[in-house]
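User: I would like to go through this structure step by step. Please keep the answers short.

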Amino acid sequence: MSDSYPLPTEPEGVIPSLVERFNSGKVGAMMALHAPESVFIANDGRTITDRAEIAARLEHDLRLGLPLVAKVRHVFVADDIAQIVVDWSIDGTGPDREQVHLGGSACDIVRRGADGCWRYLIDNNQGTAERQPS
């Protein structure tokens, strides 16, 4: 795994970059993959725009210390925007010795920036799953 975590220059590179960054355990590496105006869709369906709150959500999963596994189903590209459909999971024994099973089918939107790199615009890790109020 690289120390610099280069940003993906093709939409197909977003998920491999995400997995590398997640598995590094570094929230800063994760946040660099999000455009400044990106939104995160919470499990209850709320749209989160505050970067500190997005980082806190990501940090929660990183603290589990378990690897992210992801398999891309589809990448649809229109000019500088792409939709990525990906099945993902985080499984194992957490730091509290409890079994963890998180996962879903994400439907994410990424955009190519002026620098040619692709970043999350909408991080929707539960895709079309029915949302449960918190």
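User: Which residues does N125 touch, not counting residues up to four places away in sequence?
Analyst: Keep in mind that this is a predicted model. N125 lies in the segment after strand 6. Leaving out residues up to four places away in sequence, N125 touches F40, I41, N43, W88, G104, S105, A106 and D108.

User: Is N125 buried or exposed?
Analyst: Buried means under 20% relative accessible area. N125 has a relative accessible area of 13%. That value falls under the cut-off, so N125 is buried.

User: Which residues are the closest to the centre of the largest cavity?
Analyst: A search of the whole structure finds one cavity of 30 Å³ or more. Its lining has 18 residues. The closest to the centre are L18, L68, W88, D123 and N125.

User: What is the volume of the largest cavity, and how do its lining residues divide?
Analyst: Helix 1, helix 3, strand 3, strand 4, strand 5 and strand 6 each supply at least two residues of the lining. The lining residues divide into 13 nonpolar, one polar and four charged. The volume of the largest cavity is about 240 Å³.

User: Which residues are the closest to the centre of the largest pocket?
Analyst: The largest pocket has a volume of about 310 Å³. Its lining has 14 residues. The closest to its centre are N43, R57, H60, D61 and N125.

User: Which element supplies the largest share of the lining of the largest pocket?
Analyst: The pocket lining divides into four nonpolar, six polar and four charged residues. Helix 3 and strand 5 each supply at least two of the lining residues. The largest share is three residues, and it comes from helix 3.

User: Which residues touch the most other members of the largest nonpolar core?
Analyst: In soluble globular proteins, nonpolar side chains tend to be buried together. The largest nonpolar core here has 28 residues. Helix 1 (14–24), helix 2 (27–31), helix 3 (51–62), strand 4 (81–93), strand 5 (99–112) and strand 6 (118–123) each supply at least two of them. The members that touch the most others are V14, I15, L18, L68, I90, V110 and Y120.

User: Which residues is L68 in contact with, leaving aside its neighbours within four places in sequence?
Analyst: L68 is among the core residues that touch the most other members. L68 is also one of the residues closest to the centre of the largest cavity. Leaving aside neighbours within four places in sequence, L68 is in contact with L18, V19, F22, N23, W88, S89 and I90.

User: What is the order of the strands in the open sheet, and which are the edge strands?
Analyst: The open sheet has six strands with mixed pairing. Their order is 2-1-6-5-4-3. An edge strand pairs on one side only, and the edge strands are strand 2 (47–48) and strand 3.

User: In which sense does strand 6 pair with strand 1, and in which sense with strand 5?
Analyst: Strands of a sheet pair through backbone hydrogen bonds, either parallel or antiparallel. Strand 1 (residues 34–41) and strand 6 pair over three bridges, in the parallel sense. Strand 5 and strand 6 pair over four bridges, and here the sense is antiparallel.

User: What is the bridge partner of H34 in strand 6, and of V110?
Analyst: Begin with H34: its bridge partner in strand 6 is Y120. Now take V110: its bridge partner in strand 6 is Y120. For F40, the bridge partner in strand 6 is D123. For H34 and for V110, the name asked for is Y120.

User: Why is strand 6 largely enclosed by the rest of the structure?
Analyst: Strand 6 pairs with strand 1 and with strand 5. Its enclosure follows from a count of buried residues: five of the six.

User: Is D79 buried or exposed?
Analyst: D79 lies in the loop between strand 3 (68–78) and strand 4. It has a positive phi of about 60° although it is not a glycine. Its relative accessibility is 63%, so D79 counts as exposed.

User: What is the phi of R97?
Analyst: R97 lies in the loop between strand 4 and strand 5. At 71% relative accessibility, R97 counts as exposed. R97 is a residue other than glycine, yet its phi is positive, near 70°.

Technical notes:
Residues numbered from 1 in each chain as written. Predicted model: local features only at pLDDT ≥ 70, side-chain atom pairs only at ≥ 80, totals over all residues. Heavy atoms only, no water. Core = buried A, V, L, I, M, F, W, Y, C linked by side-chain atoms within 4.5 Å. Buried < 20%, exposed > 50% of the residue type's maximum accessible area, 1.4 Å probe, protein only. Contact = heavy atoms within 4.5 Å. 1 Å grid on protein atoms, 1.4 Å probe; cavity = no way out; pocket = protein on both sides within 12 Å on 5 of 7 lines; lining within 4 Å. Points joined across faces, edges and corners; volume = space filled by probe spheres on them. Nonpolar A, V, L, I, M, F, W, Y, C, P; charged D, E, K, R; others polar. Pairing = 2+ DSSP bridges.
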